[in-house]
Amino acid sequence: MKHMKERYEELELDAVKEQIIRHCSFSLGKQKIRQLSPRFEELWVRRELTRTQEALTLVYRYGNLPFQGVHDIGNAIEDARRNRTLSCLELRQIADSIRAVEHVVSYFKASEVETPRLKELIASFDQPMPVANAIETCISSSCEVMDQASGELKSIRKSIRMCEGEISKEAQRFIASHSTQLMDTITTMRNDRICVLVKISEKNSVDGFIHGESASGQTAYIEPKSLLILNNRLASLKSREQEEIARILFALSQKVKTVAHALEGNLETFALLDVIFSKALWAKEKNGCIAQLDNQHHHLYLKQAKHPLIDEQYVVANTYEIKEPYRSLLITGSNTGGKTVTLKTIGLFVVMTMCGMAVSAQEAIIPVFNGVYVNIGDDQSIAESLSTFSSHISQLAAICHKADANSLVLLDELGNGTDPKEGEPLAVAILEELSRRRATIIATTHYSALKSYAAGKEDMLVSSVEFDMEALRPTYRYIEGISGQSNAFAIAERYGLSKRIIADAKRRKDEQASANDIAMEKLEQLTMEVEEKKQKMEQRLQDVRLLQETLATQKSKFEKEKEQLLEQVKADAKKKLDEVQEEAELLLEELKQMKANAKPHEITELKSAMRKLQIDDEELVEESDEVFAVGDYVKLKKLNYYGEIISMNKDKVCVLANGMKMNTTTKDITHEKRKIVKKKTKGYTKSSITSFSMECNVIGMRVAEAIPIIDKYLDNALLAKVYQVRIIHGMGTGKLRKGVHDYLKHNPQVESYTMGGQGEGGLGATVVKLKQKGK
């Protein structure tokens, strides 16, 4: 049998690692994840899972750990240890890596999450800041040695700049004096020397050193004699500059050597943190969780597990569970239905957990296994002259020899590859042996004999993957406790096999089937029908729960809207109350300003107006729910008048009160009992006009409300043959008084009007004279 590590490729662990690697921040982290393999040591696994859980909590709250500045500086550290001179880039990366420790430490200090396992790693960091400071003083962020790296370098570079200036001046002087011999008025570099471009015909007439000719043969590159000494000096200065730079870099490399051990430790810690946080970022991306380890009850549980390599748009989430008294799981069902995917999902999640990784499930419990044995796929070996079946049996033999009570065994299509008459009993015998060894077994099969065997075993759980017979396609839904059929005939028909061939195959199957097989098939069919009904009932129950949640949400929404409406009504009432209070304050101010000899009736009128301004808080906050109709006898709240509704338009009503038509709204009226007037039974009385009030009080009304009342009042005055009346409108802001005067000015029945005199209300009243008939 192959070594365990080699078998995990069948579970596609490497493909999951590549997904995690996409979240890595630097190369060493990627390298460590590729090298990661399951370890079956409980303490190690618990520690790694705890670290991943702590990192996942931090990632959700604060984002990824800041890895900026971290580089794989392992080779540079080794070179420094061997007294080699590091480059500017290598030194700068070392300084950045030292600074990165500060960022990581600050991240953890700022977090409010308890992460003891990760803080153990953070505590192992060393911070050789003097080395980082020395490098940053000498080398810029663009990886160049700066002038201030040493006094000597600064002096040399100053001399270089001065020499270059002299060369430039001399070159320009030479160009100006030899312009007729030159091809161009520019200089160029040849062999690190400054040269001029001389016509090929004039090259021998110019005193200097020829450094070559152009490709066209038209130009010669000549270093004039006047520039030779200056170029030599410049070359010497640049040589000294490089020597000084080399000295500085070597000195810095020696500083790195002194802290090489600390830098290697930091690098290892960075790599571990990169691995841990990459696992956490993957878990967040997949909405995954960290499995709980169970070393007592041998309980395996994966809730809503999704295979991480299947597209999120198509993957089906399933819940898998194996717990006492069950130690084995037999998965049955149709071809292409997902049996192998189920097997691989469970196996993959186990080995991922043993690598300290999260799993893509809502919840997970994984037993502490000491090994995972896998037999999936075709391992035919040409080199070893092993057929498919031989290879299959070779692996099964090794598994049966090694597996024990703490092993997980994954077997795909057990007993396949040979005559079913021999393959079925062989598969049963292998399961019996592994069951005797108390191993946890997950196996897939088509064999009826294995289904019958599993159905009679108390420690073996039978399950299936669902197949939609109507649509003739798998649903990939896992169903626990029910064995499934292969549905080979239905699948064959879907893929084009003729009905005649399929009918013949069914007939032959029925002839060969034993009574036990037929009974088993009928039982499976009945069980599936019960399961389908159960699913439908669960779906209906879910629909009812969803409807209840919707109704509860709507009720909550309506309650909220009701509260908002009440708040709005209260706000409107407060606004109205503020307006009334403001008018009352104006009236009080008016009372204060009255002279001491004011007439009693003027004070009485003002007090009456203030009483009318009093508003009941209840009336303002809560609107009346009274229903009104034409003919109802009502009371006008503001005026304290009584009358009958003679017309209505929605909430607007017209009330006939005291012989006057008054327009108002339903919120300003309330029902009242009609006063019964006893009729005289004897005698006859000539109709006459009842007593008529000599004044009309419209204080507190708006102009639009007051004018109809005044209009009706003047009509009644003429009917009563009263030709002088008084309209009390109050002083207030003067708007009502102005509106009344505008109305009287244009009324043809009014002969004249004046403000009230002393004893007549003063500015708060208007005396009106009406025209008499015949005048």
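Me: What percentage of the 775 residues in the protein chain is buried?
Reply: This is a predicted model, in which local features need pLDDT of at least 70 and side-chain atom pairs count only at pLDDT 80 or more, while totals for chains, interfaces and linings use all residues. Residues are numbered from 1 along each chain as its sequence is written, and side-chain values use heavy atoms, with hydrogens and water left out. Buried means under 20% relative accessible area, exposed over 50%, and partly exposed in between, with a 1.4 Å probe and protein chains only. By that criterion, the buried share of the 775 residues is 42%.

Me: How many helices and strands does the protein chain have?
Reply: Helices (H or I, at least four residues) and strands (E, at least two) are DSSP runs, numbered from the N terminus. Counted in this way, the protein chain has 22 helices and 23 strands.

Me: Is Lys339 buried or exposed?
Reply: Lys339 belongs to helix H12, which covers residues 339-354. Contact means heavy atoms within 4.5 Å. Leaving aside neighbours within four places in sequence, the contacts of Lys339 include Glu413, Thr444, Thr445 and His446. The relative accessible area of Lys339 is 5%, so this residue is buried.

Me: Which residue in the loop between strand E11 and helix H14 is found in contact with Lys339?
Reply: Strand E11 spans 407-411 and helix H14 spans 420-436. The residue in question counts as buried because its relative accessibility is 15%. Its phi is near 55°, a positive value in a residue other than glycine. The contact of Lys339 in this loop is Glu413.

Me: What is the phi of Cys143?
Reply: Most residues other than glycine have a negative phi. Cys143 lies in the loop between helix H8 (129-138) and helix H9 (151-177), and is partly exposed, with a relative accessible area of 22%. Although Cys143 is not a glycine, its phi is positive, at about 65°.

Me: Which residue does a cis peptide bond join to Glu324?
Reply: Most peptide bonds are trans. In this cis bond, omega is about 10°. The partner lies in the loop between strand E7 (318-322) and strand E8 (328-333). The residue joined to Glu324 is Pro325.

Me: What is the order of the strands in the open sheet of four strands?
Reply: Two strands pair if DSSP finds at least two bridges between them. E1 and strand E2 (residues 193-199) pair in the antiparallel sense over five bridges, and Met189 stands opposite Ile194 in E2. The open sheet has antiparallel pairing, and its order is E1-E2-E4-E3.

Me: Which strands are the edge strands of this sheet?
Reply: An edge strand here pairs on one side only. The edge strands are strand E1 (182-190) and strand E3 (208-213).

Me: Which residues line the second largest cavity?
Reply: On a 1 Å grid over the protein atoms alone, a cavity is a set of points where a 1.4 Å probe fits but cannot get out, and lining residues have an atom within 4 Å of a point. Grid points are joined across faces, edges and corners, and a volume is the space filled by probe spheres set on the points. The whole structure holds three cavities of 30 Å³ or more, and the second largest has about 60 Å³ of space. Its lining is formed by Lys286, Lys306, His307, Pro308, Ile310, Glu312 and Ser360.

Notes:
1 Å grid on protein atoms, 1.4 Å probe; cavity = no way out; pocket = protein on both sides within 12 Å on 5 of 7 lines; lining within 4 Å.
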